[in-house]
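Visitor: Please take me through one part of this model slowly, starting from a loop and going on to the strands it leads into. I would like to see how that part is put together before I look at anything else.

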Amino acid sequence: MPGLQLRSVSKAFKGVAVLEAINLDLAPREFIAFLGPSGSGKTTLLRIIAGLETADAGEVVLDDRRIDQLAPGARDVAMVFQSYALYPHMSVRENMAFGLRNARVPQGEIDTLIADAAKVLEIEPLLERTPAQLSGGQRQRVAIGRAIVKKPRLFLLDEPLSNLDAALRLRTRVELAQLRKRVDAGVIMVTHDQAEAMTLADRIVVFNDRRIQQVAAPMEIYLRPANRFVAQFVGSPA
Ligand code: ADP
């Protein structure tokens, strides 16, 4: 089965359970939002999929391949961090090339991948700058660009808009929606912002209390919340 499957994924930190037997199926090219209060395990699950954290139990399968034992770089996923995590001493171009060099992609191909991504994200004039010479919104685009050049099967976005001011957040939200049509990959976006999840996602996964509370399309979640927690969290009509 193509897409992503999480099978009975569990995780505890120092004996305290954070995720319990999480099961989830993501279709190829689906845009999923992980929504829930702070501390509900959203980022931990994203990091488990990315390979930055190891699950205590369970399986992660991407396009029919078990990836939970693979190194992060071998998983066909690309993560965009909340802090952007750009290398400060490198130019934008070098930041975008870094992962590709490590994967021994030929230089000609690296140049083409960067040129294509820079065009899509409209960051061509910024390629020779360093992160310190960029605005927050520009840094955010570069972080997305660094993920795009890897041509992943799955993008993992950790609160990608949370460091932007309100106006820029709205604009970037629109751009993310457009971008998503141009990349042949699934997206999982962690957010605690309900409006963000509602406008961008095909389906929303609501987390609370170590478990998934509901998985459904935005309107379904809003109009037919599975339980009282979901109803209160998304502010469903009573
Ligand atoms: P969310 O992304 O929903 O805000 P997180 O996945 O970041 O939640 O965190 C879930 C819980 O796991 C929190 O209680 C957090 O303190 C704890 N946690 C996350 N990472 C670690 C870690 N590396 N060590 C110990 N506890 C952690």
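**From a loop into the parallel strands**

Guide: L70 is partly exposed, because 15 other C-beta atoms lie within 10 Å of its own, a count that falls between the 12 or fewer of an exposed residue and the 20 or more of a buried one. Everything described here comes from a predicted model. L70 sits in the loop between β5 (65-66) and β6, and although L70 and I114 are 44 residues apart in sequence, their C-alpha atoms are 26 Å apart in space.

The loop has a strand on either side, and each of these strands pairs with others. On one side, β5 belongs to an open sheet of four strands, ordered β2-β1-β4-β5 and paired in the antiparallel sense. The edges of that sheet are β2 (16-26) and β5, each of which pairs on one side only. Further in, strand β1 (residues 4-13) and strand β4 (residues 57-62) are held in antiparallel register by five bridges, and R7 has E59 of β4 as its bridge partner.

On the other side of the loop, strand β6 (residues 77-80) runs parallel to β7 and is joined to it by four bridges, with V80 partnered by L157 of β7. Strands of a sheet pair through backbone hydrogen bonds, either parallel or antiparallel.

β7 (residues 154-158) deserves the closest look, since five of its five residues are buried. In a regular strand the side chains alternate between the two faces of the sheet. In β7, L154, L156 and D158 point one way while F155 and L157 point the other way, and all of them are buried; a charged residue, D158, is therefore among the buried positions of this strand.

β7 also runs parallel to strand β8 (residues 186-191), to which it is joined by five bridges, and here L157 stands opposite M189. Between these two strands the chain passes through helix α5 (residues 166-182), and this β-α-β crossover is right-handed. A177 lies in that helix and is exposed, because 12 other C-beta atoms lie within 10 Å of its own, which meets the limit of 12 or fewer. From the C-alpha atom of A177 to that of L156, 21 residues away along the chain, the separation is 15 Å. The exposed A177 in α5 can thus be set beside the buried L156 in β7, both judged by the count of C-beta atoms within 10 Å.

M189 also leads on to another strand, for A33 of β3 stands opposite M189 in β8. β3 and β8 pair in the parallel sense over five bridges. Like β7, strand β3 (residues 31-35) has five of its five residues buried; F31, A33 and L35 lie on one side, I32 and F34 on the other, and both faces are covered. β3 further pairs with strand β9 (residues 203-208), again in the parallel sense, over four bridges, and L35 stands opposite V206 there.

Beyond the end of β3, the residues around the ligand include G36, S38, G39, S40, G41, K42, T43 and T44, together with F13, V18 and V190. V190 lies within the span of β8. Sorted by class, this shell holds three nonpolar, seven polar and one charged residues. Helix α1 (residues 42-50) gives the most to the shell, with three residues. α1 is itself mostly covered, with seven of its nine residues buried: these are K42, T44, L45, L46, I48, I49 and A50. K42 and T44 therefore appear both among the residues around the ligand and among the buried residues of α1, each with 20 or more other C-beta atoms within 10 Å. After α1 comes G51, whose phi is positive, near 90°.

To place this part in the whole, the protein chain has eight helices and 10 strands, and 38% of its 238 residues count as buried. Its radius of gyration is 18 Å, which agrees with the value near 18 Å of a compact globule of 238 residues. UniProt, in an unreviewed entry, places the feature "domain: ABC transporter" at residues 4-234.

Technical notes
Residues numbered from 1 in each chain as written. Predicted model: local features only at pLDDT ≥ 70, side-chain atom pairs only at ≥ 80, totals over all residues. Near = placed C-beta within 6 Å. UniProt positions renumbered as here; feature names shortened; annotations may be inferred. Pairing = 2+ DSSP bridges. Right-handed = clockwise from strand over helix to strand, strands pointing away. Rg over C-alpha atoms; globule rule 2.2 N^0.38 Å.
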